[in-house]
Amino acid sequence: MSSMSLEDLARLAGLAPLPAERAVLEARMQAVTEFCAHLPCLEDPDMAGAPEAALEKTSAGDRGPGQGPRPLDRDLALANVPLLDAGLVVAPAPRPDTGTP
Amino acid sequence: MSWWRAATVVEALRRPLRERREATAAMARACVRENPALGCYTHVLAGDAAAPLVAGPLAGLAAAIKANICGVGWPNDCASRILTDYHSPFDSTAVTALREAGCGFLGLANMDEFGMGSSCEYSNYGPVRNPWNRERTAGGSSGGSAAAVAAGLAWFALGSDTGGSVRLPAHCCGIVGLKPTYGRVSRYGLVPFASSLDVIGVLARSVADARLVFRLLAGPDPRDATCAGPAWSADREEAPGAGWRLAVPRDLVGGALAPVAAKDFEHNLIRCRQLGWIVDDMDIGFAADPVRTYLVIAAAEASSNLARYDGSLYGIAPGNPDTGGDDPPYLRAVREVRSRGFGPEVQRRLMLGAYVLAAGHRDRFYHRACAARRDLAARMTAALRRYDALVLPTAAGGAWPLGAYRHDPVAMYPADRFTVPASLAGLPALTLPTGLDDEGLPLSIQLVGAARSEEKLLAMAEALEQELAFRAGKEAPWWRTD
């Protein structure tokens, strides 16, 4: 379990402290933590194959120093692998001056 | 028993328009009469909404619309208190397509709040009850849509599928559920839960009905940047093929089914072989558990999407903010609105989303889950280059008792284990009812096809439907009282 408390998480989520059962929430966080701890192999670039390479290629240049994270929706629009495979969804080209969409 | 209780859309369209209108009017009266016992509608519509005088291929018929699909003339509250009395000022593209086809609307189908759930118990309107056994779940999150169609309270229904929310209710209620390829049906006007997974799907009493409705919905939409179509085309339709090749991902199926469901599944594979199809076993070898991958991604996206409900533009009006200590009044008001407006399951998922996206956690959780998703999609796509479809169960057994997971919501997650792979990969999938278990509850089989292969998937399902000769509800007990 992370060092973040459930109270911190509730504040992040814009909710009053402990809006739901502590045990259920802790079990859910624990399940996610354990799940992600067992994914080291996915850091191997050979593991994910062509779709991952396509994603990396289409999103290159989106994040520069000091520009902060990309908007989440941008990640989501790029996440659809079948459409990317078919060339039906193409990421917008980064603007050359700022590198941001 | 009135003929319309068990009739399909295709059968109804063979009758005169006048008879269809009379049947739909009787159906609307039955909705008012029977909805309190089933809870399948949040709002029952009447008058022009149910019976528009518009010509078109669906004239005289009417559908149930899941409460998260926007349309003018009804409240779209997503079964959530936070959107109480919200009325959309526009029609979703899917609703527009049905209106133009002359279709009416019988009501807003009950659902898990914002689509977050697998049992339709997390609704501000109370649970949906399964028409086959009212002490059992109708599945979720499109449980109201499925129950309405199964009970003869709608000719067909629209639902939305994020991780199985069309297919699981279709399984529980013994009807056909089609989840299209991500991006083949416009999401414009669908209230978002997890934007990279959400798809509008069809729930119907037969494969032919599902095809008829899907044909109206499929196609590119300039108002949805992720919707690339293509539209339905006769050129893409396929005649049943004797040599179709199916694959069963045994590593996903193995040991997960109840004995009666396992027996039914193997029996269905035999029937596929009797159709002349080749059925192979394979190990698909996902690197990570699809359910947990889904859990991380869906929670992250929900956390982002539901941030808009803060009581200013969307959401109930702030009350008396009494939480947050020394925080500014605005933040205290936001917390008060969201804590009062969202139900407990939505709040749990928002907190999980905040957890996986928090500073320092994003690379550790969200991006890893995205990598696991890409691995899964690559493996499924590779398998579907060799096979026409993957065959899976939809669920591990028949509909489970209402309240079974009330004290342990985490234990309900595996209910989605057979449906989330197609969702994560953005692939089309269809649930077909196949028979009943030893408690008289429906069982089903799920076919997953390559991207944009709905035409083939529907042809395959229709051939299997005819081979199995099972149509849910012909003898269903709740109709005999009509």
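Helix α4 of chain B, which covers residues 143–150, has 8 of its 8 residues buried, so it is largely enclosed by the rest of the structure. The model in front of you is a predicted one, and in it the buried residues of this helix are Gly143(B), Gly144(B), Ser145(B), Ala146(B), Ala147(B), Ala148(B), Val149(B) and Ala150(B). To see why such a run is worth a pause, recall that an α-helix has 3.6 residues a turn, so residues three or four places apart point the same way. In α4(B), however, the buried residues include neighbours along the chain, such as Ala146(B), Ala147(B) and Ala148(B). A residue counts as buried when its relative accessible area is under 20%, and that cut-off will return several times below.

The backbone on either side of this helix also deserves attention. Before the helix, in the loop between β5 (133–137) and α4 of chain B, lies Ser141(B), and the peptide bond that joins Gly140(B) to Ser141(B) is cis, with an omega of about 10°. After the helix comes Gly152(B), whose phi is positive, near 75°.

From this one helix we can step back to chain B, which contains 14 helices and 13 strands. Its radius of gyration is 21 Å, close to the 23 Å that the globule rule gives for 482 residues, so chain B is as compact as a globular protein of that length. Measured out along its principal axes, the C-alpha trace of chain B spans about 70 × 55 × 45 Å. Of the 482 residues in this chain, 66% are buried. If we take the contacts in chain B between residues at least 6 apart in sequence, 76% of them join residues that are at least 24 apart. The accessible surface of the chain comes to about 15700 Å², and 52% of that area belongs to carbon and sulfur atoms. Chain B also carries 51 positive and 50 negative charges, and the mean positions of these two sets lie 1 Å apart.

Chain A can be described in the corresponding terms. Its secondary structure consists of 6 helices and 0 strands, and from the N terminus on its elements therefore read, without any strand, as α-α-α-α-α-α. Of the 101 residues of chain A, 42% count as buried. Among the contacts in chain A between residues at least 6 apart in sequence, 35% join residues at least 24 apart, and its accessible surface comes to about 5300 Å², with 58% belonging to carbon and sulfur atoms.

What does the model show about cysteines? Over all chains the structure holds 0 disulfides. Cys103(B), for instance, is in no disulfide, and the nearest cysteine sulfur, which belongs to Cys31(B), is 13 Å away. With a relative accessible area of 2%, Cys103(B) is buried, and Cys370(B), at 11% relative accessibility, counts as buried as well.

Returning to the backbone of chain B, we find a cis peptide bond from Gly229(B) to Pro230(B), with omega near 5°. Pro230(B) is found in the loop between α6 (207–217) and β9 (245–249) of chain B.

Two further residues of chain B are notable for their phi angles. Phe114(B) has a positive phi of about 55° although it is not a glycine, and it sits in the loop between β3 (104–109) and β4 (129–130) of chain B. Ala469(B) likewise has a positive phi of about 55° without being a glycine, and its place is in the segment after α14 (454–468) of chain B. Is each of these residues buried or exposed? Phe114(B) has a relative accessible area of 2%, so it is buried, whereas Ala469(B), at 66% relative accessibility, counts as exposed.

Between those two classes there is a middle one, and Arg332(B) is an example of it, because its relative accessibility of 25% makes it partly exposed. Arg332(B) lies in helix α10 of chain B, which runs over residues 329–341. Arg332(B) and Pro318(B) are 14 residues apart in sequence, and from C-alpha to C-alpha they are 9.5 Å apart in space.

Conventions:
Residues are numbered from 1 along each chain as its sequence is written. Chains are lettered from A and ligands numbered from 1 in the order in which they are written. This is a predicted model: local features need pLDDT of at least 70, side-chain atom pairs count only at pLDDT 80 or more; totals for chains, interfaces and linings use all residues. Side-chain values use heavy atoms; hydrogens and water are left out. Helices (H or I, at least four residues) and strands (E, at least two) are DSSP runs, numbered from the N terminus. The radius of gyration is taken over C-alpha atoms; the globule rule is 2.2 Å times the number of residues to the power 0.38. Buried means under 20% relative accessible area, exposed over 50%, partly exposed in between (1.4 Å probe, protein chains only). Contact means heavy atoms within 4.5 Å. Accessible areas come from the Shrake-Rupley method with a 1.4 Å probe; for residues, only the protein chains shown count as cover. Lys and Arg count as positive and Asp and Glu as negative; His and the chain ends are not counted. The place of a charge is taken as NZ of Lys, CZ of Arg, CG of Asp or CD of Glu. A disulfide is a pair of cysteine sulfur atoms within 2.5 Å.
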